Amino acid sequence: MKFAMILILGSIAMGSAARADQPGPDWMPMEQVKAKVMESGYSQVTKLEADDGQWEGEGVKNGQRMEFHADPKTGAIVSEKPDK
């Protein structure tokens, strides 16, 4: 019984996590966000995904690997830092 309950709770948690990181219906499309990021000085975008209500990505800016967050509706970069 305990094992069955653990399996059920685990699958509910996994299902919720999988759905949590999807672009919203009013979000700017990924390709447009990528173009905006490139316009702001990035020479490459190597990763871009929906995460915690915003676009999260990695790329290269001024020869340095960077991590960034972009506004989901405008594609504007709201934060960036060097990649570890």
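Accessible areas come from the Shrake-Rupley method with a 1.4 Å probe. The exercises below concern a predicted model.

**Exercise 1. Surface and burial**

Determine how much area the protein exposes and what share of it carbon and sulfur atoms supply. Then state what percentage of the residues count as buried.

*Solution.* Step 1: the exposed area is about 5800 Å². Step 2: carbon and sulfur atoms contribute 58% of that area. Step 3: the protein has 84 residues, of which 25% count as buried.

**Exercise 2. Order of the elements**

Establish how many helices and strands the protein contains, and which pattern they follow along the sequence.

*Solution.* Step 1: the count gives two helices and four strands. Step 2: read along the sequence, these elements follow the pattern α-α-β-β-β-β. Step 3: as for contacts between residues at least 6 apart in sequence, 29% of them join residues at least 24 apart.

**Exercise 3. Classifying a lysine**

Decide whether Lys-61 is buried or exposed, and list the residues that it touches beyond four places away in sequence.

*Solution.* Step 1: Lys-61 is located in strand S2, which covers residues 54–61. Step 2: its relative accessibility is 18%. Step 3: the cut-off for buried is under 20% relative accessible area, so Lys-61 counts as buried. Step 4: leaving out residues up to four places away, Lys-61 touches Ser-40, Gly-41, Tyr-42, Met-66 and Glu-80.

**Exercise 4. A network of charges**

Identify the residues linked in a network of salt bridges, and work through the pairs that involve Lys-47 and Arg-65.

*Solution.* Step 1: side chains of opposite charge can pair when their charged atoms come close. Step 2: the structure holds eight salt bridges. Step 3: Lys-47 and Glu-49 form one of them, with an N to O distance of 3.7 Å. Both partners are partly exposed, Lys-47 at 29% and Glu-49 at 34%. Step 4: Arg-65, partly exposed with a relative accessible area of 45%, meets Glu-58 at 3.9 Å and Asp-83 at 3.2 Å. Step 5: Asp-83 lies in the segment after strand S4 (77–82), whereas Arg-65 belongs to strand S3 (residues 64–70), so their pairing ties together parts that are 18 residues apart in sequence. Step 6: the network links Lys-47, Glu-49, Glu-56, Glu-58, Arg-65 and Asp-83.

**Exercise 5. The nonpolar core**

Find which element gives the most residues to the largest nonpolar core.

*Solution.* Step 1: this core has twelve residues, namely Trp-27, Met-28, Val-33, Val-37, Tyr-42, Val-45, Leu-48, Ala-50, Trp-55, Met-66, Phe-68 and Ala-70. Step 2: at least two residues each come from helix H2 (30–39), strand S1 (42–51) and S3. Step 3: the largest contribution is that of S1, with four residues.

**Exercise 6. An aromatic pair**

Describe the geometry of the pair formed by Trp-27 and Trp-55, and explain which parts of the chain it ties together.

*Solution.* Step 1: a pair of aromatic rings is described by the distance of the centres and the angle of the planes. Step 2: the whole structure contains two aromatic pairs. Step 3: for Trp-27 and Trp-55, the centres are 5.2 Å apart and the planes enclose 65°. Step 4: planes over 60 degrees apart count as edge-to-face, and the pair is accordingly edge-to-face. Step 5: Trp-27 sits in the loop between helix H1 (2–20) and H2, and Trp-55 in strand S2, so the pair ties together parts 28 residues apart in sequence. Step 6: Trp-27 and Trp-55 are both buried, and both appear in the core of Exercise 5.

Methods
Residues are numbered from 1 along each chain as its sequence is written. This is a predicted model: local features need pLDDT of at least 70, side-chain atom pairs count only at pLDDT 80 or more; totals for chains, interfaces and linings use all residues. Side-chain values use heavy atoms; hydrogens and water are left out. Buried means under 20% relative accessible area, exposed over 50%, partly exposed in between (1.4 Å probe, protein chains only). Contact means heavy atoms within 4.5 Å. A salt bridge is a side-chain nitrogen of Lys or Arg within 4 Å of a carboxyl oxygen of Asp or Glu. A nonpolar core is a set of buried Ala, Val, Leu, Ile, Met, Phe, Trp, Tyr and Cys residues joined through side-chain atoms within 4.5 Å. Rings of Phe, Tyr and Trp (its six-membered ring) pair if their centres lie within 6.5 Å; planes under 30 degrees apart count as stacked, over 60 as edge-to-face and the rest as tilted.
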